[in-house]
Amino acid sequence: MPIVCPNYKPMAVPAIRYQKRQSAAGYVIITRLQSCSRHSHKRVFPSLITLHRQSFSGHSCKHSTLPSSRYEVYPAMDIDSASSVVLQALTQATSQDTAVLKPAEEQLRQWETQPGFYSVLLNIFNNQMLDVNVRWLAVLYFKNGIDRYWRRVAPHALSEEEKTSLRAGLITNFNEPVNQIATQIAVLIAKVARLDCPRQWPELIPILLESVKGQDGLQQHRALLTFYHVTKTLASKRLAQDRRLFQDLASGIYSFACSLWSHHTDCFLQQIYARDEAAALGSLERTLLSLKVLRKLTVHGFQEPQENMEVMGFLNAVFERLKQFLECCRQVGPDSTCREKLEKTIILYTKVLLDFLEYHPCAFLPLIQCSLEFAVSYVFTPAGEGVTFERFIVQCMNLIKMIVKNDAYKPSKNMEGRSQENLEAHKIKTAFFTHPTLTEIGRRLVSHYFLLTEEELAMWEEDPESFAVEETGGDSWKYSLRPCTEVLFLDIFHNYSQTLTPVLLDMVQNLQGPTNVEDPVQLLMKDAVYNAVGLAAYELFDNVDFDQWFKNQLLGELQVRHHRYKLIRRRVIWLIGQWISVKFKSDLRPLLYEVILSLMQDPDLVVRIETATTLKLNILTVLTAMVTLKNVLIFNTCRIYHKQLDFILNSHPPVDDFEFRTEQFLPYLESIFGLLFQLLQQVTQCDTKMQVLHVISCVIERVNIQIRPYVGCLVQYLPLLWKQSEEHNMLRCAILTTLIHLVQGLGAESKNLYPFLLPVIQLSTDVSQPPHVYLLEDGLELWLVTLENSPAVTPELLRIFQNMSALLELSSENLRTCFHIVNAYIYLSATEFLQNYAESLCRSFCDLLKDITNEGQVQVLKVVEIALKVSPILGAHMFQPLLPGVFRGIVDGERYPVVMSTYLGIMGRVLLQNSGFFYALFTQMAAESNQEMEQLLGSVIDMWVDRMDNITQPERRKLSSLALLSLLPSDNSVIQDKFCGIINICVEALHDVMTEDPDTGTLKDCMLMSHFEEPKLSDDEEPPTEQDKRKKLLALEDPVHSVSLQQFVYEKLKTQQTLMGDQGFGVLMETVDTELVRQLQEFLQGL
């Protein structure tokens, strides 16, 4: 009985009903609010009690009929007043006027965390008298609130009291007339059920089942809709305890769900055969929903479903029901109002079988025979004529494919791994796939399903670009007929190649020689057969002499210029691309390039696009074994087969047969590149331009600097294309990739591109610009290669670095590239760069080091190390705030070896090349820690000696030796105390760097560099970038490469001896191990 509120006033939004009931656990629950006193109102929704007029000041309310006085402070507002305020905000939030919309959205966002807000929303969307758009918005806000605030641990979580009230209100009735709102309510109930059912909401399922049994059609449908969404959500939970709970639920309601599905199915069939389509449509809708429930219960509700007779009975009944529904398709015709729902139901039946096979392959064993008979009958025999449709054929083919390919149905090669189920399944498949059956399936796939359809041929003529770049990779085989048939063909061919190889070769033999251009059927058949030969290339390796076929047959096919023969020209160049990684002699490549040159001038656009695509994917790629494997994985995701991988990994043909040779391609480079550029200009669609750009990028990448004479037109065209692609970010990504390869190919000459290049980098790496979401990764890569190839810094190039602070704050997966960019700026122009940006960069690094992995910490520190290497004085000054942390890390004994190695590298640089700064910083640190500077220095040397093994790079080991030796000569007692450790490090470093000179037989420092020479490159080697040259010039000035460690040790020991005298120095040397002294003397012989 409703609680009576004494000061209740009727409002625009009817009051929420209240009721008291007893829960299953015996608790008394008062649904909705606990009371109607003015104090409870304040507790329920305090922010609405104190709502002021200025909340929406300055904004008109075009969509509300409520008076403006509602913004005044209410001394005692009841729940209905709160509802009216929220109602107005929701009404304004549906406005098309942003001046009204934005403040309303902001107000609703502020109310999200207020107690009682969701009770008001429930009140609003349950009121069917209100505007549909307002109710829809109320449902969405409620649904989003569940995600954010329903969990107990969430910030601003809803109280248990309010959640109890809301749960009860959500299942009070199931009579929502608007389909979209009903669906959203069902989804939000499911979201609550995911968190609360069954523990906090045990009554949900019983109430749903009771409502499903009702006689009212609308109520029955809405309850069934909710039942489905709840079941779907609970089935998606993956924790072991949740799965057990769902299994308990499934076992308890499975019988009811089966009877419900059977009842509605029978009703539909009776009504459809009685020609009562209106009633049949309602029954079909309920059949669909009940079947969706059963699908989730069957697939996810049983750990051992084969042991449940009801489950197996339902699955066996699926085949009979499928036949009945397919026959209905024949009866109702394509124009029936039931047709769409009928096809959906048929597809859902196949999904039940496919899901059950995927999750329970062993339990599916009794269904293998029925499934194969059913699918093969409808797909490969006349039984399917007039009743099947494309999506159904795809599902049936996927069912066959999953059975053929399933590892659980293949006997293990290891006797111990074999099970009875393996053997039984293999036996069933062997008995089914007889020679006649396989022959018929193979021929039918090629001669029927591989044929280009009228729709595809029409698309070729009307929209050639869409036809040429149709997406067939990834998971498209699960949904699209052509990729599905190709994948099924490959699977069956792989598993039964001994039977099918002769069949396919016979089909090829029957089509030898040019085909009559006046016979379109034969042209389509040849296209289909060649498609099959290309797909099965790896399987046919031992059976087809492709080189001879190419010279004797395929080249002749390409010479036929008739416009109808374009089908074959396009298919042959694709076929060559498939076989080139399998069997194609290198000597034939020049002949192939001539073919490509000819086909790139073909009058048909599809042929030109296919030729360009084949050039990129299969000809320019260096087809070594592992690269071939990579390409198979990237471009043929769904076509990975053991025989292909065995061929790639175990066969050892001459590398030259697979390798792209630049010298063979160069005579054709100018012509092919020019034709590719023409093609880029001719195509109009974004996807096609992307594809052609990728081909151009590949060409530039393969020939590198030899592209320079031919890129002028492309360089002029890319700015125009960039401007035209403002709304096509993926095309812009392709342009960025092309620019990356272009800059690498042009080297220092890329500076001429800066007027276009630098604004592109600026936009792509500016995180305040929306396109950065798509362009950032490629934009950063372009930024890096531009710096690496820049001959000198420019103000514009320097200015782009303003984008870096925001990029470092992102701490994304692109952080490593950002560090490389910083390093490139330091190498390019350290002084100018550090003077402009070191301060902000240092702040960013300090923030990063507070919360970053050890690997990230190393990357940050490497930037500092490079800055010290390039500019020891300025670098130390600019990164001074970071250095005390580095030095303290050494004193404290940093545990991560790579970090410690980097710490010591930085300290070595400062000590060796900026000793004044080193001592000043140590003095400051000692004063801050109340230590003597000598004591702190001694601790550092001790740790340095102890952790020398953390340093693995010879350059850093030599640097450490040089740095510690730079402390000599010294009369400081601390340094003399550590003399033994310093000598120990020096001897270790001498072992690392000293090698025997083959000419003189004496020892020399292998790290010394005396001059810079341009390396001599072969045709296939990439030339050094401008940054590579800068690094080598820098190395000539680096003490590690310019100072002989042997000579440096000798000189330092000599000066120390001079300082202390022979006797004192002799006492000092006695502190060193005699074996170390002996080794040291060997290294210093002859000096």
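**Reading helices, rings and burial**

Me: Let's start with two residues, Phe887 and Phe918: are they buried or exposed?

Reply: Burial goes by relative accessible area: under 20% is buried, over 50% is exposed, and anything in between is partly exposed (1.4 Å probe, protein chains only). Here Phe887 is buried, and Phe918 is too. Before we go on: this is a predicted model, where local features need pLDDT of at least 70, side-chain atom pairs count only at pLDDT 80 or more, and totals for chains, interfaces and linings use all residues. Residues are numbered from 1 along each chain as its sequence is written, and side-chain values use heavy atoms, leaving out hydrogens and water.

Me: What share of the whole protein counts as buried?

Reply: Of its 1087 residues, 54% do.

Me: And how many helices and strands should I look for?

Reply: Both are DSSP runs numbered from the N terminus: helices are H or I with at least four residues, strands are E with at least two. You'll find 52 helices and four strands.

Me: How many aromatic pairs are there?

Reply: Rings of Phe, Tyr and Trp (its six-membered ring) pair up if their centres lie within 6.5 Å; planes under 30 degrees apart are stacked, over 60 edge-to-face, and the rest tilted. That gives 44 aromatic pairs. One of them is Phe374 with Phe392, an edge-to-face pair at 6.0 Å centre to centre, with 85 degrees between the planes. Phe374 sits in helix 15 (residues 368-380) and Phe392 in helix 16, so to speak a link between distant parts of the chain, 18 residues apart. Both Phe374 and Phe392 are buried.

Me: Back to Phe887 and Phe918: what kind of aromatic pair do they form?

Reply: A tilted one, with 5.9 Å centre to centre and 55 degrees between the planes. Phe887 belongs to helix 42 (residues 883-891) and Phe918 to helix 44 (residues 915-928), so the pair ties together parts 31 residues apart in sequence. Rings can also gather in a group: Trp111, Phe117, Tyr118, Phe125, Phe142 and Tyr149 form one aromatic cluster.

Me: How do I read two helices, say helix 14 and helix 16?

Reply: Axes are lines fitted to C-alpha atoms, for helices over the stretch in contact, and angles between N-to-C directions run from 0 to 180 degrees. Under 35 degrees is roughly parallel, over 145 roughly antiparallel, 65 to 115 roughly perpendicular, and the rest oblique. The axes of helix 14 (residues 339-359) and helix 16 (residues 390-405) come within 10 Å and cross at roughly 15 degrees. These two helices are therefore roughly parallel.

Me: Which residues meet there?

Reply: Contact means heavy atoms within 4.5 Å. On the helix 14 side they include Ile346, Ile347 and Leu353, which meet a set in helix 16 that includes Phe392, Leu399 and Met402. The contact residues divide into nine nonpolar, three polar and three charged; Ala, Val, Leu, Ile, Met, Phe, Trp, Tyr, Cys and Pro count as nonpolar, Asp, Glu, Lys and Arg as charged, and the others, Gly among them, as polar.

Me: What about helix 32 and helix 33?

Reply: Helix 32 (residues 686-703) and helix 33 (residues 712-724) pack at about 145 degrees, their axes 14 Å apart. Lys689, Leu693, Ile696 and Ile700 of helix 32 meet Leu714, Tyr717, Leu718 and Leu721 of helix 33. That's seven nonpolar residues, no polar and one charged.

Me: Where is Leu524 found?

Reply: In helix 23 (residues 520-535). Leu524 is buried, at a relative accessible area of 16%. Leaving aside residues up to four places away in sequence, Leu524 touches Leu451, Leu452, Leu457 and Leu567.
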